[in-house]
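Student: Hi! Could you walk me through this protein? I'd like to start with the strands.

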Amino acid sequence: MIRVSSSLRPVADPAQFDVMFWLPPGGTDKGIWAGAWEELADLDAVDIDPVLGFPATADVGGYVATPGGRACRREQPVVHRLWVDSPQYR
């Protein structure tokens, strides 16, 4: 069993942070951004571009990245997680 400890630090004003504070680096998007993001799905690599195109045509932000980076999961398949503009998602 692996145990990970982390400290919880409350954030007084989360709106003060740029969007990249909340999303993993190294991702891709169609240039439409949002102030709040929600995880929607994990995608196969071949599906990233077509799936990002769907919200973009409706002017809804979408972003795909690999949480934790690609190198951290060498023995497991790489995850390509899709985040979308949460207020627009509903």
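Tutor: Happy to; we'll take the sheet, then the helix, then the space inside, and keep in mind that this is a predicted model.

Student: Okay, in what order do the strands sit in the sheet?

Tutor: The order is E1-E3-E4-E2, with 4 strands forming an open sheet and antiparallel pairing.

Student: Which strands stand at the edges?

Tutor: Strand E1 (28-29) and strand E2 (37-43) do. Each has a single partner strand, so one side of each is left without a neighbour in the sheet.

Student: And how many bridges link E3 and E4?

Tutor: Strand E3, residues 62-65, pairs with strand E4, residues 80-85, over 4 bridges in the antiparallel sense. If you'd like a spot to look at, find Tyr63, which stands opposite Trp83 in E4.

Student: Cool. Where does helix H1 lie?

Tutor: Helix H1 covers residues 48-57 and lies across E1, E2, E3 and E4. It runs at about 160 degrees to E3.

Student: Switching topic: how many cavities of 30 Å³ or more turn up in the whole structure?

Tutor: The search finds 1. The space in the largest cavity comes to about 40 Å³.

Student: What lines the largest cavity?

Tutor: Its lining includes Lys30, Gly31, Ile32, Leu52, Pro55 and Ala56, and also Val60, Gly61 and Gly62. H1 gives the most to that lining, with 3 residues.

Student: How do the lining residues divide into nonpolar, polar and charged?

Tutor: In the lining of the largest cavity, 5 are nonpolar, 3 are polar and 1 is charged.

Notes: Residues are numbered from 1 along each chain as its sequence is written. This is a predicted model: local features need pLDDT of at least 70, side-chain atom pairs count only at pLDDT 80 or more; totals for chains, interfaces and linings use all residues. Side-chain values use heavy atoms; hydrogens and water are left out. Two strands pair if DSSP finds at least two bridges between them. Helices (H or I, at least four residues) and strands (E, at least two) are DSSP runs, numbered from the N terminus. Contact means heavy atoms within 4.5 Å. Axes are lines fitted to C-alpha atoms, for helices over the stretch in contact, and angles run from 0 to 180 degrees between N-to-C directions. On a 1 Å grid over the protein atoms alone, a cavity is a set of points where a 1.4 Å probe fits but cannot get out, and a pocket is an open set with protein on both sides within 12 Å along at least five of seven lines; lining residues have an atom within 4 Å of a point. Grid points are joined across faces, edges and corners, and a volume is the space filled by probe spheres set on the points. Ala, Val, Leu, Ile, Met, Phe, Trp, Tyr, Cys and Pro count as nonpolar, Asp, Glu, Lys and Arg as charged, and the others, Gly among them, as polar.
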